[in-house]
Amino acid sequence: MRFTSTPRGARLARRLISHRLNDWGHPYTSPTNETVTLITAELTANAVRHGHVPGRDFHLRLAEADGALRVEVTDTRAERLPATGTPAPDGESGRGLLLVDALADDWGVTPRPSAPGKTVWAELRPRSSERPSVNCGAHPSSP
């Protein structure tokens, strides 16, 4: 989905991810939902703060494949690549990617192949005890 590159757009993106994960069987209060939602919040906030180009939106993608959840946030600013660093002890920013690095199983940056910009992505592999059971709409038979 596409969102305006504003704090409101970042909040809406975070809420959408949480709702989608709930729909996919990762309840709102589950560690998986909370972790992926936090990762999304950090990546979208960075897209708004560091990847904003006036008049351009950011894109958000959530996918689930091979037991991993992958969040991708694409912005149009190619020259500002994310990097982890040591924030000032009394600073109010600079910890977002440290959180992503600590919470995600993997994360990285790839250039946009068809336009200027970059995609920052993160993957989380839920523990097997948290993976939803697949229910294809079948109802258990009554005794």
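Strand 5 (residues 118–124) is mostly covered in this predicted model, with seven of its seven residues buried; here buried means under 20% relative accessible area, exposed over 50% and partly exposed in between, with a 1.4 Å probe and protein chains only. Helices (H or I, at least four residues) and strands (E, at least two) are DSSP runs, numbered from the N terminus. Lys118, Val120, Ala122 and Leu124 point one way from strand 5, while Thr119, Trp121 and Glu123 point the other way, and all are buried. This pattern has a familiar background: in a regular strand the side chains alternate between the two faces of the sheet.

A word on conventions is helpful here. Residues are numbered from 1 along each chain as its sequence is written, and side-chain values use heavy atoms, with hydrogens and water left out. Because the model is predicted, local features need pLDDT of at least 70 and side-chain atom pairs count only at pLDDT 80 or more, whereas totals for chains, interfaces and linings use all residues.

Strand 5 belongs to an open sheet of five strands in the order 1-2-3-5-4, with antiparallel pairing; two strands pair if DSSP finds at least two bridges between them. The edge strands are strand 1 and strand 4 (106–111), each of which pairs on one side only. On one side of strand 5, seven bridges join this strand to strand 3 in the antiparallel sense, and Leu69 has Leu124 of strand 5 as its bridge partner. Strand 4 and strand 5 are likewise antiparallel, paired over six bridges. Here Thr110 stands opposite Thr119, and Pro111 stands opposite Lys118. The two strands form a hairpin with six residues between them, and Gly117 in the turn has a positive phi of about 130°.

Moving along the sheet, strand 2 (residues 58–65) and strand 3 (residues 68–75) run antiparallel and are joined by seven bridges. Ala63 faces Arg70 of strand 3 across this pairing. Arg70 also lies over the face of Trp121, at 4.3 Å from the ring centre; a charge sits over a ring if NZ of Lys or CZ of Arg is within 6 Å of the ring centre and within 35 degrees of the ring normal. Strand 2 and strand 3 form a hairpin with two residues between them. Asp66, in the loop between these strands, has a phi near 50°, a positive value in a residue other than glycine. For context, most residues other than glycine have a negative phi. At 83% relative accessibility, Asp66 counts as exposed.

At the other end of the sheet, two bridges join strand 1 (residues 2–3) to strand 2, again antiparallel, and Phe3 stands opposite Phe58. A search of the whole structure finds one aromatic pair. That pair is formed by Phe3 and Phe58, which are stacked at 5.7 Å centre to centre with 25° between the planes. Rings of Phe, Tyr and Trp (its six-membered ring) pair if their centres lie within 6.5 Å; planes under 30 degrees apart count as stacked, over 60 as edge-to-face and the rest as tilted. Since Phe3 lies in strand 1 and Phe58 in strand 2, the pair ties together parts that are 55 residues apart in sequence. Both Phe3 and Phe58 are buried.

The helices complete the picture. Helix 1 (residues 7–23) lies across strand 1, strand 2 and strand 3, running at about 15° to strand 2; axes are lines fitted to C-alpha atoms, for helices over the stretch in contact (heavy atoms within 4.5 Å), and angles run from 0 to 180 degrees between N-to-C directions. The largest nonpolar core has 23 residues, and those with the most contacts inside it are Val36, Leu43 and Val100. Such a core is a set of buried Ala, Val, Leu, Ile, Met, Phe, Trp, Tyr and Cys residues joined through side-chain atoms within 4.5 Å. Helix 1, helix 2, strand 2, strand 3, helix 3 (96–103) and strand 5 each give two or more residues to this core, and the largest share, five residues, comes from helix 2. Leaving aside neighbours within four places in sequence, Val100 is in contact with Ile39, Glu42, Leu43, Trp107 and Ala122.

Gly51 sits in the loop between helix 2 (31–50) and strand 2, and counts as buried at 4% relative accessibility. Beyond neighbours within four places in sequence, Gly51 is in contact with Asn46, Asp75, Thr76, Arg77 and Lys118.
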